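Grab your viewer and let's work through a few exercises. Each one sets a task and then walks through a solution.

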Amino acid sequence: MYSEGIREMTDPQLWLAGAEIGCFFALVALSIYLVVVGASFFNFAAGPYAMAAALLTGYAAAHWGVPILAGAVLGIAVAVAISLATEIVVVRPVQRRSGGAELPALVAVTATLFAIQQLAGTVFGRTPVSVRNLLPLPDFRVGSLSVQGSTATIILVTALVLPAVILWLRRTTTGQLLRAVGDNHEAARMIGVNVNRVRLWAFGLSGAIAGLAGIVFAAKSGAYFTSGLSWTLTGFLALVIGGTGTPWAPLIGGLALGWIQVFGSFYFGATGSSIAVFLVALVFFALRPEGLFQRKVRV
Amino acid sequence: MASTSITAARPALRDALVESGICLTVVAVVLLWMGPSLYRQDLVFLAATYALVALGMYLPFVLAGSLSMAYSAYAAIGAYAVAYLSVKQGLSPWWGWPAGMAIAAAVALVLAVATRKLSGFYLAAVTLLFAVAFEHWLGDATTITGGASGISGIPVPSLFGWEPPRYAQVLAAIVFVCVVAVFIDRLRRSAWGLALSAARENGPAVQSAGISPPHLTVVALAAGAAIAATGGALFTVSVQAVTPETFGLDLVFLAIFMPIIGGRGSAWGAPLGALIVVAVSLNMPGYQGSGELLLAGVVLAILLLAPGGVIGWTHSATARLISSRTRDRR
């Protein structure tokens, strides 16, 4: 647990706590980012994917004795499956019918979010489920800073996943096509891009990242069938702060939001923290709706 | 001259007749379903509360196409206004109704002006964050809201000293919802409502006609918030207590689903959807929570297969039936 004594902005323990939830927000934001780039669509169901994966991992360990790593693979597979199903069954037909309008897709994904939540609550029960740490890391100390194993796991996973996704975006053909499809899918279709396949990659990868994020973060927070909505909101907000200009933006936005939450609740309490988050969102929407990092459009 | 006024009066008269016919049918059907069961009386009260919140959302969400999700906060304002004025200030609970409506409209106005540049996902996310922050605040501002335990012992409003029995209260609630539904449906067909829907489809066209679309949306959001506040106020008549959790985020989701289930083509879709939501989620046999799961499935199925909702589906089904009959006759 945290050391006693006066803790302030200079306390590295608070900065570590902020970095920890910040990394989690960054992973959820990255999951949302991929779908934003590939399908110009904010997938509000990303949080519920993370929640479903975490619940399944914890449930499988508790009820079927599945080891944590195998459970995590199972959880991520389910998150990918739900994410692909969201695209194929819900988003694609609704967008086709509405001609790509925003509101019908938003309503449909809101219904999907609610459905995943209720399905998870029905299958895994409406009580919090605890999840073990994914990596067998012990708690350790760095100087006066005490680091929990689960904290190290979250930061380590983020440090591995984010560069891997950026490499995928920059080095693979599908990754490079992602932006082309998201910007103008008609034009992309015209030049012979298999738009549906690229979008499936975006949704699948998004589901995998969300699932992994949920599993590593649940070791800290536990998983509950309604956790998904607030996870979506924080991931979305991290993306709003960071912008969608660079694939690094989710990390910057996530860390900023993590520190805002930690220091907000430290100085102003839980209510102050949620009000601070709301005000930060308003400020960003009013003054810099494109986020910190905007994509330079070359004409 | 005289003939034009008569032809103008006749559709108005016919509208009024149709509307009162719908209202009487709704009241009769709901009373029949309720019977003497006390539990179902509670359910009808809950459905009336849901219906008012959904009717409040109908203006900005269905007509103006802007999904604000702060409606749990507006309903809470309505309920807390009644609770605060009657329990903490000793006034008649009736004062809470207009007070709650005014406060909710003012809050919605400020929020709408602050978010007027946003639409779609951005608006939904910011208003959700507001709803979350507001719920936290309700639990914290102990001197006004009673903190986490809320305010209980809210008196039932009386009419000139007469305290209506439970059955009369339920009846009044149904009639009130009907009146609001008629009002909103007339608003939908009015010039203002048409401008609102036109601005959703094509903002620049409406702007070029000299109407400001952002202005329309802000007014719709404020009016909707005031109506949602009456839903919260009505709830305190049924359950004489309110806590920060009474109006949670679940209510917002349900209120989005109600017009979708009932049908978005008419304001009556909202109360119809509310009744279906309550009947499915709370009056279902089976274990806890199965109703909500079924509801989520129903909403997804309607969105994908029958976007017109129950009312739209009934319309198209009858139209198909009639056209096939006329074809048979030929």
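Helices (H or I, at least four residues) and strands (E, at least two) are DSSP runs, numbered from the N terminus. The model is a predicted one, so local features need pLDDT of at least 70, side-chain atom pairs count only at pLDDT 80 or more, and totals for chains, interfaces and linings use all residues. Residues are numbered from 1 along each chain as its sequence is written, chains are lettered from A and ligands numbered from 1 in the order in which they are written, and side-chain values use heavy atoms, with hydrogens and water left out.

**Exercise 1. Place B:Phe253: which helix holds it, and is it buried or exposed?**

Step 1. Find the element: B:Phe253 sits in helix H11 of chain B.

Step 2. Check the accessibility. Buried means under 20% relative accessible area, exposed over 50%, and partly exposed in between (1.4 Å probe, protein chains only). B:Phe253 has a relative accessible area of 3%, so it is buried.

Step 3. List the partners, where contact means heavy atoms within 4.5 Å. Setting aside neighbours within four places in sequence, B:Phe253 is in contact with A:Thr110, A:Leu113, A:Phe114, A:Leu229 and B:Met69.

Step 4. Look along the chain: B:Ser72 is 181 residues away from B:Phe253 in sequence, yet their C-alpha atoms are 9.4 Å apart in space.

**Exercise 2. Describe the contact between chain B and chain A.**

Step 1. Count residues: 41 come from chain B and 38 from chain A.

Step 2. Get the buried area, meaning the accessible area (1.4 Å probe) that two parts lose on being put together, summed over both. Chain B and chain A bury about 3,600 Å² between them, with 81% of it on carbon and sulfur atoms. On the chain B side, B:Phe121, B:Tyr122 and B:Leu129 lose the most area to chain A, together 21% of what that side buries.

Step 3. Look for salt bridges (a side-chain nitrogen of Lys or Arg within 4 Å of a carboxyl oxygen of Asp or Glu). Between chain B and chain A the count is zero.

Step 4. Now try polar contacts: pairs of N or O atoms within 3.5 Å where, within protein, one must be able to donate a hydrogen and the other to accept it, and residues adjacent in sequence count only if both atoms are side-chain atoms. Two residue pairs between chain B and chain A are in polar contact, both at pLDDT 80 or more.

Step 5. Assign the elements. On chain B, helices H4 (96–114), H5 (120–140), H11 (249–262) and H13 (290–305) each supply at least two residues of the side that touches chain A. H5(B) gives the most, with 13 residues.

Step 6. Sort the residues by type: Ala, Val, Leu, Ile, Met, Phe, Trp, Tyr, Cys and Pro count as nonpolar, Asp, Glu, Lys and Arg as charged, and the others, Gly among them, as polar. The side of chain B that touches chain A divides into 30 nonpolar, seven polar and four charged residues.

**Exercise 3. Why does chain B count as being as compact as a globular protein of its length?**

Step 1. Take stock of the elements: chain B has 14 helices and two strands.

Step 2. Compare radii. The radius of gyration is taken over C-alpha atoms, and the globule rule is 2.2 Å times the number of residues to the power 0.38. Chain B comes out at 21 Å, close to the 20 Å that the rule gives for 330 residues, so it is as compact as a globular protein of that length.

Step 3. Add the burial: 49% of the 330 residues of chain B count as buried.

**Exercise 4. Trace the salt bridges around B:Glu19 and helix H7 of chain B.**

Step 1. Start with B:Arg186 and B:Glu19, whose side chains meet in a salt bridge (3.0 Å, N to O). This pair links distant parts of the chain, 167 residues apart: B:Arg186 in helix H7 (residues 166–189) and B:Glu19 in helix H1 (residues 2–34) of chain B.

Step 2. Compare exposure: B:Arg186 is partly exposed at 40% relative accessible area, whereas B:Glu19 is buried at 9%.

Step 3. Move to B:Arg189 and B:Asp185, which form a salt bridge at 3.8 Å, N to O. Both lie in helix H7 of chain B, four residues apart, about one turn of the helix.

Step 4. Join them up: B:Asp15, B:Glu19, B:Asp185, B:Arg186, B:Arg188 and B:Arg189 are linked in a network of salt bridges.
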